[in-house]
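Trainee: Could you take me through one part of this model in detail? I would like to start from a single residue and work outwards.

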There are 2 protein chains.
Amino acid sequence: MGKVEIVLNSLPMSGGDGPNSYSKNSQLQRRSASLLKETIDKLITEKLDAKTLVSDSNTFCIADLGCATGPNTFFLVQDIIKSVENTLEPNSTKPEFLVFFNDLTNNDFNTLFTSLPQDRSYFAVGVPGSFYGCVLPQSSVHIVVSLAATHWLSSVPKEVLDKSSEAWNKGKVHYSNAAEEVVKAYEDQFGRDMEKFLEARAQEIVSGGLLVVGMCGIPQGMPFSNLADSIMYTSMADVLTQMQSQGLISEEQVDTFNIPIYSASPEEVAALVEKNGCFAVESMELMDPTTWLKRPMDVEDVRQWMVCIKATMGSLFINHFGDHLLDDIFDRLTARLVGLTDKVESSYREKVMLFFALKRK
Amino acid sequence: MGKVEIVLNSLPMSGGDGPNSYSKNSQLQRRSASLLKETIDKLITEKLDAKTLVSDSNTFCIADLGCATGPNTFFLVQDIIKSVENTLEPNSTKPEFLVFFNDLTNNDFNTLFTSLPQDRSYFAVGVPGSFYGCVLPQSSVHIVVSLAATHWLSSVPKEVLDKSSEAWNKGKVHYSNAAEEVVKAYEDQFGRDMEKFLEARAQEIVSGGLLVVGMCGIPQGMPFSNLADSIMYTSMADVLTQMQSQGLISEEQVDTFNIPIYSASPEEVAALVEKNGCFAVESMELMDPTTWLKRPMDVEDVRQWMVCIKATMGSLFINHFGDHLLDDIFDRLTARLVGLTDKVESSYREKVMLFFALKRK
């Protein structure tokens, strides 16, 4: 196993179950998951030979990588189990299901464990560690899913933080609208991370098993500035610059803050899968991410969007600027984006979820 | 799997790593564990056919049931892995090790995970749930250990809390020096719990695998009142009665407080193992529990003892009497026991750790 754990600059989702927590504010993720439900069910039905896979031990193993604290992961896992059971003959011995819930070591596993469904039909275990290394033994899982997690890079690309580099990302929080060198640095970082991700999964997944991933996506060749998220990242930078001018944060703090999230194109991931060589592509497509398609969008939708972003990215801001500024930052950001509702409405919001399913050769 | 999780009246060890935490105050447990090291090593060397067990998947699985938050469990697991590796031929492929760390769902797994050794040579997962039911799939583990955990009953025997019962344990906190009916109620509860424990382990452990348990023990026929712990339990009751007379706690609170810990004899456990029928007894003995044998014992030893007891039983008191009284209770208890150092010194403290090792048929 990888003894050296990759330390993410990004922090895990907000823990606990308070009003700002991930577990209370992940409706967008849940809707995406339910949209994916049918797709995943179809994959399992058509591409997975569950009967053969469980024949040895009668235990079917599922891993959710980047599960956060629930509850979306519980719905997802329950759906997968139902799909697998449906592919088995009605009179055959039912397999037992073991589910590995993985996230970074500093994820709030206590909340995850105490919110596990009481009436679950599976054994549940928690797996702490970065999925950019192996987190489970060789050939130990049959289905691995990872939703809304692999767009988080293992760290901010280091060139972006280096004042002497061409990729120094002064005054910005993301590669959106940034210098070409910044875009390249993010792209390279994603390439290295996804390579490690695929290598580790190739180790862990049994031959014939499935790897199913949903993450931020973008059509190949489209500039990131077309996307709704770009408006958000630009607004974040504007808010931080404003707060700097008011003496609330330092220039240094603004310049060194970058959000390590990357949107990949299907072509880019397909090339990495081919390079890895251990998987066959069963599906590789850009999908619509539910709520974003709402037309017309109103200010309430934008507010709700920011509540979700605060739950998922809040800890990044807390880590960098301190707990005391979180609400101020997001109040300003929300106000700014509410004023940009029309711009968000007319941004590209269709095919921005990359979904892919691979079968271990 | 057991969908209904047994709810323990007992709470888990004190979480976190503060001055009162279990992770900082479990030296007694650590010394017991190191005493056991040789015994466990010998067992693995002589009784375990590791080579055959790992031949299928090359993954060797170990579970620590009732692991608390560490660090003792990490030393124990590392020793077991070393022993297993030593039994394998030097030139054979090294197996991968997967370790299941189990404790109650409300155990502080966050602390356990963040204190996992960085340079560990095994995959670590956390398993929330009561070990009085199945917590893992069938035939999924090769060695199960449980140290200082199975003397915790799944709950206080309900008769002991029932005013109308002969076993109503008014004014006492334990079956030590209590009515015969109270002793019987604890004994029966232990019998039912150990039956469930063995049934669950028989499901989870592969044929040829080992179950290794260390817990509170007592020579058959010896009254509990001979033991050092008896002096402690009597002192606890005295302290609580005193605090009641001072109006700090109610009579009701004192009468309904019972510590669900049971000391079993080898004969008693052997009978339950035979009844279960799935295991062969490889070892069943009473051992000396390290520090207790110190002669002469001084007041500092008694104080240290109470620090450990506070870390392991503190949450029981917090749960029943409230957080604000914990220090007061333990200050009084420590003062009282320090005054009884001679009595503790002359109590029976030799063979009060029951150690048993079973091999799954």
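Mentor: We start at one loop residue, then turn to the two copies and the cores. This is a predicted model, where local features need pLDDT of at least 70 and side-chain atom pairs count only at pLDDT 80 or more, while totals for chains, interfaces and linings use all residues. Residues are numbered from 1 along each chain as its sequence is written, chains are lettered from A in the order in which they are written, and side-chain values use heavy atoms, without hydrogens and water.

P95(B) sits in the loop between helix 3 (72–87) and strand 2 (96–103) of chain B; helices (H or I, at least four residues) and strands (E, at least two) are DSSP runs, numbered from the N terminus. P95(B) is buried, at 7% relative accessible area. Buried means under 20%, with a 1.4 Å probe and protein chains only. Leaving out residues up to four places away in sequence, P95(B) touches V54(B), N58(B), F60(B) and L88(B). Contact means heavy atoms within 4.5 Å. I261(B) lies 166 residues from P95(B) in sequence and 38 Å away in space, C-alpha to C-alpha.

Now the copies. A turn of 180 degrees and a shift of 0.0 Å along the axis lay chain A on chain B with an RMSD of 0.0 Å. The superposition is by least squares on C-alpha atoms of residues with pLDDT of at least 70 in both. The two copies are thus related as by a two-fold rotation axis. In chain A, G126(A) comes closest to that axis, at 2.4 Å (C-alpha).

Technical notes
Buried means under 20% relative accessible area, exposed over 50%, partly exposed in between (1.4 Å probe, protein chains only).
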